Amino acid sequence: MTHNGISRYSMEIATALLTGGIGLAICYGAWQVGTGWTPSGPDSGYFPFWIGVLIVAGSGVNLLRTIVGHRHKDEIFLDAARLKSLARFVLPILGFAVVSLLLGLYVGTTLYVLFAMRLQGHYAWWRSLASGVAISVCFYLLFELVFQVPLLKGPLEHAFGIY
């Protein structure tokens with residue numbers, strides 16, 4: 001972390017360590033279900049194990065390139081202005097996820113589109129609300145009726161008898 005924000009150098013290291021950890025978790029999970037070769041073919045963890053090994057190797061290469069090459073030492077990755085921009089993107093998506101879990105995907109989608117259009121696009125309230133409702137109706141028609149794939153529903157859909 002620098003006095004102006006988080007450096008890109010730090011984030012490169014953190015990302016390499018994170019992806020390496022994910023690769024190790026994949027290897028461990030694959031190892032638990034079997035990574036060998038049986039008379040009938042590979043165990044179910046054979047291919048995931050090797051994918052995990054590739055992820056760990058790639059992460060190691062990125063880590064070494066960053067540390068040894070001193071890449072991006074002076075670049076700022078995240079400062080106050082970028083954090084604000086990032087928050088404007090991430091917080092509505094987190095809100096969408098929480099509302100969708102509590103009230104259902106259709107209500108979450110309607111509210112997400114409403115507030116995204118209104119607060120970020122500065123559209124009129126009526127246009128934002130109409131767009132949110134229209135998108136939710138299209139999702140319902142497409143997924144529930146055409147593809148017959150039920151989406152997450154909440155209390156409002158149950159009140160309307162939409163199952």
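These are my notebook entries on the salt bridges and a nonpolar surface patch of this structure.

**Entry 1. The model.** I noted at the outset that the model is predicted. I kept the residue numbering that runs from 1 along the chain.

**Entry 2. Salt bridges, the count.** I asked how many salt bridges there are. The count came to three. As background, I recorded that side chains of opposite charge can pair when their charged atoms come close.

**Entry 3. E12 and R8.** I looked up the pair E12 and R8, whose side chains meet in a salt bridge at 3.2 Å, N to O. Both residues lie in helix α1, which covers residues 8-33. They are four residues apart there, so about one helical turn separates them. I then checked the exposure of each partner. E12 has a relative accessible area of 18% and is therefore buried, since buried means under 20%. R8, at 29%, is partly exposed.

**Entry 4. E75 and R8.** I found that the side chain of R8 also meets that of E75 in a salt bridge, again listed at 3.2 Å, N to O. Where does E75 lie? E75 is in the loop between α2 (46-69) and β4 (76-78), whereas R8 is in helix α1. The pair therefore ties together parts that are 67 residues apart in sequence. For E75 I noted a relative accessibility of 37%, which counts as partly exposed.

**Entry 5. E144 and K153.** I turned to E144 and K153, whose side chains form a salt bridge at 2.6 Å, N to O. Are these partners buried or exposed? E144 counts as buried at 11% relative accessibility, and K153 counts as buried at 16%. I then looked for shared partners among the salt bridges, and found that R8, E12 and E75 are joined in this way into one network.

**Entry 6. The nonpolar patch.** On the surface I located a nonpolar patch of about 880 Å². I listed its residues as V98, L101, L102, L103, L111, F115, L119, W125 and L152. Which helix supplies the largest share? That share, four residues, comes from α3. I noted that α3 (80-103) and α4 (105-120) each give at least two residues to the patch.

**Entry 7. L119.** I examined one residue of the patch, L119, which lies in helix α4. Its relative accessible area is 51%. L119 is therefore exposed, because the term applies over 50%.

Note on methods
Predicted model: local features only at pLDDT ≥ 70, side-chain atom pairs only at ≥ 80, totals over all residues. Heavy atoms only, no water. Patch = residues over 30% accessible without salt bridge, like charges linked within 9 Å, V, L, I, M, F, W, Y side chains within 5 Å. Areas by Shrake-Rupley, 256 points an atom, 1.4 Å probe, with all protein chains shown as cover. Salt bridge = Lys/Arg side-chain N within 4 Å of Asp/Glu carboxyl O. Buried < 20%, exposed > 50% of the residue type's maximum accessible area, 1.4 Å probe, protein only.
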